[in-house]
Amino acid sequence: MAEPSKVIHIRNVGHEIAEADLLQLLEPFGNVSKIVMLRAKNQALLQMQDLHNSVNALQYYSTVQPSVRGRNVYMQFSSHQELTTDQSSHGRNSDQESEPNRILLVTIHHMMYPITVEVLHQVFKAYGYVEKIVTFQKSAGFQALIQYQSLQEAVEAFGALHGRNIYDGCCQLDIQYSNLSELQVHYNNDRSRDFTNPSLPTEQRPRGSQQGYPDPGGLYAFQQPGASYAQMGRAAMIAAAFGGTLPPGVTGTNERCTLIVSNLNTDKINEDKLFNLFSLYGNIVRIKILRNKPDHALVEMADGFQAELAVHYLKGAVLFAKKLEVNYSKYPNITTAPDAHDYTTSSLNRFNSNVIKNYRHCCAPTKMIHISALPQEISEDTILNHVSEHGSVVNTKLFEVNGKRQALVQFESEEEATEALVSKHATSLEGNTIRISFSQMQSI
């Protein structure tokens, strides 16, 4: 084995894997200062800010198989102790690249759908407060300048979105740091917007007559029929959340928010346990168990896409020895009533923050649960005592990410893991309110 190094060598990096994908694997362990993508060899070199970060990363991935876009990748210490400026193809400290800046220059490649200010705002606002956006057409293609309130927000957006697709298979984001210090926006319309000054005029002129702007109708090879800009903006955010590709079978177009869940185990189920399960796929508004049909419940989600994810991933799942039926309800929402539990202000709704990350973690129930918000001095035995009543535990692993204790617990079946999740999510363990979700790891 090579000597420990700040530089990590990654193999089996397919052409579909972007720099942003690799950053997501390693940034939980510390800052990545430089990247070299060796496309011809399907390899990459990533330099962590310090040796401690790289050692922690490789220790973790020696027991957990790293996978990107369905492809297993393999990590080891590089024989390089440092990546030079000349080697680095994406060095945030590199002289060859623009210095990090709160203004991003975004080029859209393979643009088959209209991209407007609204679409870009939906994608980029997930990483911070977007102050201004200006779009324009250059020889490089359709471009946009996006100004964040802070440098940190721009850096986070760069790391998460560079190389991603807005829509499935097209509209790829190619991001650089701009050298501008402030964007000048004179009009609020579908080509430019100052979100700090909503009173700017819209510059209503006949289409195609604007100086310096192309006719938006002539920019796009394909116009999506029947879709408004607002719908496309929402779809763009959703697609960006899933790395450009929605899960097979999910359309992203459902607008029904309320679900009917049937075949519940009436002896063991309650509203909070249903909340713990359905909140994996979106924020919960209200839940009502039907008194005249106690094995049925209505679950109202925050929006139609989140409801569609719940139907997609939970239909046929087994909970308390009963196979769940999850369908769309004929009711548009659940009326406020004493027997309807309201979760609109619950701090346990998972999608109040880290929306992109939560969407990425959506999956059907698995045998593995991930537990976070654990006390620092927790032991594996304490965790086992807390969850083992729900099934046979095959393996456990305690680890630390950014100084925070987390655990993986593998059960013999998906049903046991599901029971543990719905019963123990948001319970207290040594004074901490723990969070539980399904892990997509196959083994520990």
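A residue is called buried under 20% relative accessible area, exposed over 50%, and partly exposed in between (1.4 Å probe, protein chains only). The model is predicted, so local features need pLDDT of at least 70 and side-chain atom pairs count only at pLDDT 80 or more, while totals for chains, interfaces and linings use all residues. Residues are numbered from 1 along each chain as its sequence is written, and side-chain values use heavy atoms, with hydrogens and water left out.

**View 1. A salt bridge joins Lys 132 and Glu 182.** The closest approach of these side chains is 2.7 Å, N to O; a salt bridge is a side-chain nitrogen of Lys or Arg within 4 Å of a carboxyl oxygen of Asp or Glu. Lys 132 lies in strand β9 (residues 130–138) and Glu 182 in the loop between β12 (170–177) and β13 (192–194), so that distant parts of the chain, 50 residues apart, are linked. Helices (H or I, at least four residues) and strands (E, at least two) are DSSP runs, numbered from the N terminus. Glu 182 is partly exposed, at 33% relative accessible area, whereas Lys 132 is buried, at 10%. Both residues belong to a network of salt bridges with Arg 102 and Glu 131.

**View 2. Five strands form an open sheet.** Their order is β19-β14-β16-β15-β20, with antiparallel pairing; two strands pair if DSSP finds at least two bridges between them. Strands β19 (325–328) and β20 (341–342) stand at the edges with a single partner each, so one side of each has no neighbour in the sheet. Four bridges join β14 (residues 258–262) to β19, and Val 261 has Val 326 in β19 as its bridge partner.

**View 3. Helices α6 and α7 pack on the sheet**. Helix α6 (residues 271–278) touches β14, β15 (284–289), β16 (296–301), β19 and β20, and its direction makes about 140° with that of β15. Helix α7 (residues 304–314) touches β14, β16 and β19, at about 150° to the direction of β19. Contact means heavy atoms within 4.5 Å; axes are lines fitted to C-alpha atoms, for helices over the stretch in contact, and angles run from 0 to 180 degrees between N-to-C directions.

**View 4. Asp 342 forms a salt bridge with Arg 286**. Their closest N and O atoms are 3.1 Å apart. Asp 342 in strand β20 and Arg 286 in strand β15 are 56 residues apart. Asp 342 is partly exposed at 39% relative accessibility, but Arg 286 is buried at 15%.
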